[in-house]
Amino acid sequence: MKLTQIAKIYNEYGFKTTFPVVLASSFKSASNLQHRAVMKYLKRKYAYVIEKYKSLKPEHKISQNMPLWSMWWQGEENAPEIVKLCFARMREYSGNHDLRIITQENFRDYVYLPDYVFEKVRAKKMTLNAMANILREHLLLKHGGLWLDSTIYVANHIPEDIFTREFYTIRREFNTHDKNISHGRWSTFLQAAQAGNILCGFLHEFLLEYWKHQENLLVYFLFDYAFAIAYDELPLCREILDSVPLNNPNVYELENIMQSGRDSEFAKLRSDPENVFFKLTWKKAYTNPSGKTFL
């Protein structure tokens, strides 16, 4: 972490919150210290949002043929090849559900975001990724559907029961060795929900309030901390997350195989019906030992 960044965080959040964050940026063993400090700050600062949702009742609506949502801000035609491949796989296995790709040209057709969000993006205080976190919760809250990050590779037909559940996400065995505060209990990059879902409502409002009041991002995985607060403080949200069955245990394995070039395992992994979704990245090139690209 750069000194200028540390100074900004210190001036905004104070020593007690900043020190564990800086420590954890250099030593993974300090992650639990960071989690406690960040959670304490966020729960105190945004207690009014938490209290509001403690008194709300679920109002989700079961709807048919909900869409798939994804995003490439510059437009699909300008996306990297791996993203174009992922979009093609989403369409191929979407069943009767349309894929709607959000861009800077069409987002106003589906969502409303306050002006301060765009002002902070323009000022580079807020990244497009942070904006996309708010945007996806707005889409799910208003329209329902399945959000897939643009680098989700769909290997099999998307199970229809995902669209009938109150909420769905990638959920794995609880793992305290996972340094992310989610510990495998949820995944921000893939979420499905019915319109009006209370968890999506909380996440949306929490993130909006955070960016309304904060000038600097405290931690990169702020989105996961919002989930963690919902899990800790809102019994209905905890029940929603706990009701998601364990699924897609090899969600990161395809990336590992493609990076290592073990192409003999590629087809086998994709053909396993237990594996529907895999998380990739557009920031790396995937090639096997012979130099052939996995596309």
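In this predicted model, phenylalanine 87 makes a good starting point: with a relative accessibility of 0%, phenylalanine 87 counts as buried. The residue sits in helix α5. Setting aside neighbours within four places in sequence, its contacts are Ser70, Met71, Trp72, Glu76, Leu99, Ile101 and Ser150. One of these partners, leucine 99, is 12 residues away along the chain, and the C-alpha atoms of phenylalanine 87 and leucine 99 are 8.3 Å apart.

The helix around this residue can be described next. Helix α5 runs over residues 81–92, 12 residues in total, and covers 16 Å between its first and last C-alpha atoms, close to the 16 Å expected at 1.5 Å a residue. Alongside Phe87, the buried residues of α5 are Ile82, Val83, Cys86, Arg89 and Met90. Viewed down the axis of α5, these buried residues fall within an arc of 160°, so they line one face of the helix. A general property of helices helps in picturing this: an α-helix has 3.6 residues a turn, so residues three or four places apart point the same way. The strands that the buried residues of α5 pack against are β1 (68–71), β2 (99–102), β3 (145–148) and β4 (152–154).

Cysteine 86, also on α5, leads to the question of cross-links. How many disulfides does the structure hold? The count is zero. Cysteine 86 itself is buried, with a relative accessible area of 0%. Cysteine 200 likewise counts as buried, at 0% relative accessibility. For cysteine 200, the closest cysteine sulfur belongs to cysteine 237, and the 9.0 Å between the two sulfur atoms is too far for a bond, since a disulfide requires sulfur atoms within 2.5 Å.

Attention now turns to the nonpolar interior. The largest nonpolar core has 97 residues, and those with the most contacts inside it are Leu42, Phe202 and Phe277. Helix α8 (residues 198–213) gives the most to this core, contributing 10 residues. The surroundings of phenylalanine 202 can be listed in full: leaving out residues up to four places away in sequence, phenylalanine 202 touches Val49, Ile50, Tyr53, Ala226, Ile229, Ala230 and Leu234.

Several residues of helix α9 are also buried, among them Ala226, Ile229 and Ala230. Helix α9 covers residues 222–233, and its 12 residues should span 16 Å at 1.5 Å a residue; the end C-alpha atoms are 16 Å apart, which agrees. How much of α9 is buried? The helix is mostly covered, with 10 of its 12 residues buried. Besides the three already mentioned, the buried set holds Leu222, Phe223, Asp224, Tyr225, Phe227, Ala228 and Tyr231.

One of those residues, Asp224, introduces a polar contact. The side chains of asparagine 180 and aspartate 224 are joined by a polar contact of 3.3 Å. Asparagine 180 lies in the loop between β5 (167–169) and β6 (190–193). Is asparagine 180 buried or exposed? Its relative accessible area is 18%, and asparagine 180 is therefore buried, as the cut-off for that label is under 20%. Not counting residues up to four places away in sequence, asparagine 180 touches His35, Phe221 and Asp224.

Histidine 35, a partner of asparagine 180, belongs to helix α3 (residues 31–45). At 8% relative accessibility, histidine 35 counts as buried. A polar atom of its side chain lies 2.9 Å from the backbone oxygen of lysine 179. Apart from neighbours within four places in sequence, the residues in contact with histidine 35 are Lys179, Asn180, Ile181 and Tyr225.

The loop between β5 and β6 also holds histidine 183. For histidine 183, phi is near 50°, a positive value in a residue other than glycine. With a relative accessibility of 10%, histidine 183 counts as buried. Asparagine 248 has a phi near 45°, again a positive value in a residue other than glycine. Where is asparagine 248 found? Its place is the loop between α10 (235–242) and α11 (253–260). Asparagine 248 is buried, with a relative accessible area of 3%.

Definitions and conventions
Residues numbered from 1 in each chain as written. Predicted model: local features only at pLDDT ≥ 70, side-chain atom pairs only at ≥ 80, totals over all residues. Heavy atoms only, no water. Helix = DSSP H or I, 4+ residues; strand = E, 2+ residues; numbered from the N terminus. Expected span 1.5 Å × (residues − 1). Buried < 20%, exposed > 50% of the residue type's maximum accessible area, 1.4 Å probe, protein only. Arc of directions from axis to C-beta. Contact = heavy atoms within 4.5 Å. Polar contact = N/O pair within 3.5 Å; in protein donor to acceptor, adjacent residues only side chain to side chain. Core = buried A, V, L, I, M, F, W, Y, C linked by side-chain atoms within 4.5 Å.
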